[in-house]
Amino acid sequence: MSNTLDKVKSLAAEYRRDGAICVPNVLDSTALAEAERYYNWSITHPSPSACEFFENDDGTFYQDQCHPDAAINYREFLEQTILADVVAALWGTDEVWFLYEQVFLKEGTKTRRTPWHQDSSYLALDGEHIAVVWVNFDPVRKDQSLEFVRGSHLTTLYDGSAFDADDPTKPVYGKGLPRLPDIESDRANWDIVSWAVNPGDVVVFHPSTLHGGSPTDGLRRRTLSLRLFGPDAVYAVRPKPALAPLVAGLHDNFTAGQAFRHVAFPRLRPTPAGFEQVSSARAHTVSVKTQMQAGAID
Ligand SMILES: O=C(O)CCC(=O)C(=O)O
């Protein structure tokens with residue numbers, strides 16, 4: 001563990017500068033099998049926010065996120081996983097909280113790109129201490145991997161992508177934030193980075209980093225994306241109530257800039273973790289896609 005965390009610490013400056021890093025061999029086969037067990041639980045227990053983004057395509061591009069029972073069901077994994085220590089090492093903090101999980105499944109003959117976007121556009125929190133940890137259970141080739149615009153977490157926050165099949169930059173809010181640029185049509189002018197990822201490697205990125213998933217072609221890609229936050233995370237106001245995290249009444253509890261602490265989000269570090277207060281009242285009743293395309297939460 002200490003070797004892995006030393007390796008992570010040596011990447012902290014790159015993480016702060018680029019907004020995304022790949023850390024090889026973080027999860028051993030036992031830890032990976034454990035993570036896969038929870039991924040499988042999510043796949044077999046869809047929440048109301050589960051959806052296929054592009055139903056008319058040949059391949060499957062499925063996601064689900066923020067299951068009302070995930071924090072409770074993932075508890076043992078979250079308490080023990082080195083992934084919480086990885087983000088603590090990157091941030092240089094002692095405290096880490098669980099925000100939510102998201103699962104992706106891309107499989108079939110061909111799946112299209114995950115449109116370029118920044119997660120922060122959809123998120124009700126800001127801060128340096130917020131991270132997405134992208135874990136894969138299948139080898140992912142570089143040309144089919146998640147791509148990032150280096151350093152983009154330090155510049156403009158754009159409107160979200162509504163994941164519209166005909167227009168990948170179609171905005172979620174349509175006001176208050178600039179529309180996403182068409183990065184895909186102009187790739188040479190963006191500093192794009194990606195990695196081939198083997199099971200056990202993890203990609204960590206700040207949610208304000210512009211990213212998009214390459215299309216897959218005949219491969220299966222199973223991804224668990226964990227969202228974690230630390231001490232400096234504060235509640236953020238977006239042009240409309242932010243879509244994520246999908247927790248009933250979330251916006252009633254906060255004012256802009258307030259420290260982001262809420263019973264739905266258990267503290268993972270320092271140990272012992274604080275799960276006692278976790279509420280399972282994360283009600284949401286329609287799919288994420290519907291919410292993104294309506295530009296509002298249910
Ligand atoms: O895996 C993908 O294609 C998308 C990942 C992503 O956008 C995320 O984890 O925020």
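This report covers the ligand shell, the nonpolar core, two sets of paired strands and one loop residue of a predicted model.

## Basis

Residues are numbered from 1 along each chain as its sequence is written. The model is predicted: local features need pLDDT of at least 70, side-chain atom pairs count only at pLDDT 80 or more, and totals for chains, interfaces and linings use all residues.

## Ligand shell

The residues around the ligand (C-beta atom, placed from the backbone, within 6 Å of it) are Gln102, Phe104, Thr114, Asp119, Val132, Trp134, Leu146, His211, Gly213, Thr223 and Ser225. Two or more of these residues come from each of β4 (96-107), β7 (130-136), β11 (211-213) and β12 (221-229). Strands here are DSSP runs of E, at least two residues, numbered from the N terminus.

The shell has four nonpolar, six polar and one charged residues. Ala, Val, Leu, Ile, Met, Phe, Trp, Tyr, Cys and Pro count as nonpolar, Asp, Glu, Lys and Arg as charged, and the others, Gly among them, as polar.

## Strand β7 and the core

Seven of the seven residues of β7 are buried (20 or more other C-beta atoms within 10 Å of their own, placed from the backbone), so β7 is largely enclosed by the rest of the structure. In a regular strand the side chains alternate between the two faces of the sheet. Ile130, Val132, Trp134 and Asn136 lie on one side of β7, and Ala131, Val133 and Val135 on the other.

β7 runs antiparallel to β12, joined by seven bridges, and Trp134 has Ser225 as its bridge partner there. Four bridges join β7 to β10 (residues 202-205), also antiparallel, with Val135 partnered by Val202. Strands pair if DSSP finds at least two bridges between them.

The largest nonpolar core (buried Ala, Val, Leu, Ile, Met, Phe, Trp, Tyr and Cys joined through C-beta atoms within 7 Å) has 79 residues. Val86, Val87, Val133, Val202, Val204 and Leu228 have the most contacts inside it. Beyond four places in sequence, Val87 touches Val96, Ala131, Val133, Val204 and Leu228, contact being C-beta atoms within 7 Å, placed from the backbone.

## The four-stranded sheet

An open sheet has the order β5-β11-β8-β9 with antiparallel pairing. β5 (114-117) and β9 stand at its edges with a single partner strand each, so one side of each lacks a neighbour in the sheet.

Two bridges join β5 to β11, and His117 has His211 as its bridge partner.

## Thr156

Thr156 is in the loop between β8 (146-149) and β9 (192-194). Thr156 is exposed (12 or fewer other C-beta atoms within 10 Å) because its count is 12. Thr156 and Gln277 are 121 residues apart in sequence and 36 Å apart in space, C-alpha to C-alpha.

Methods
Contact = placed C-beta atoms within 7 Å.
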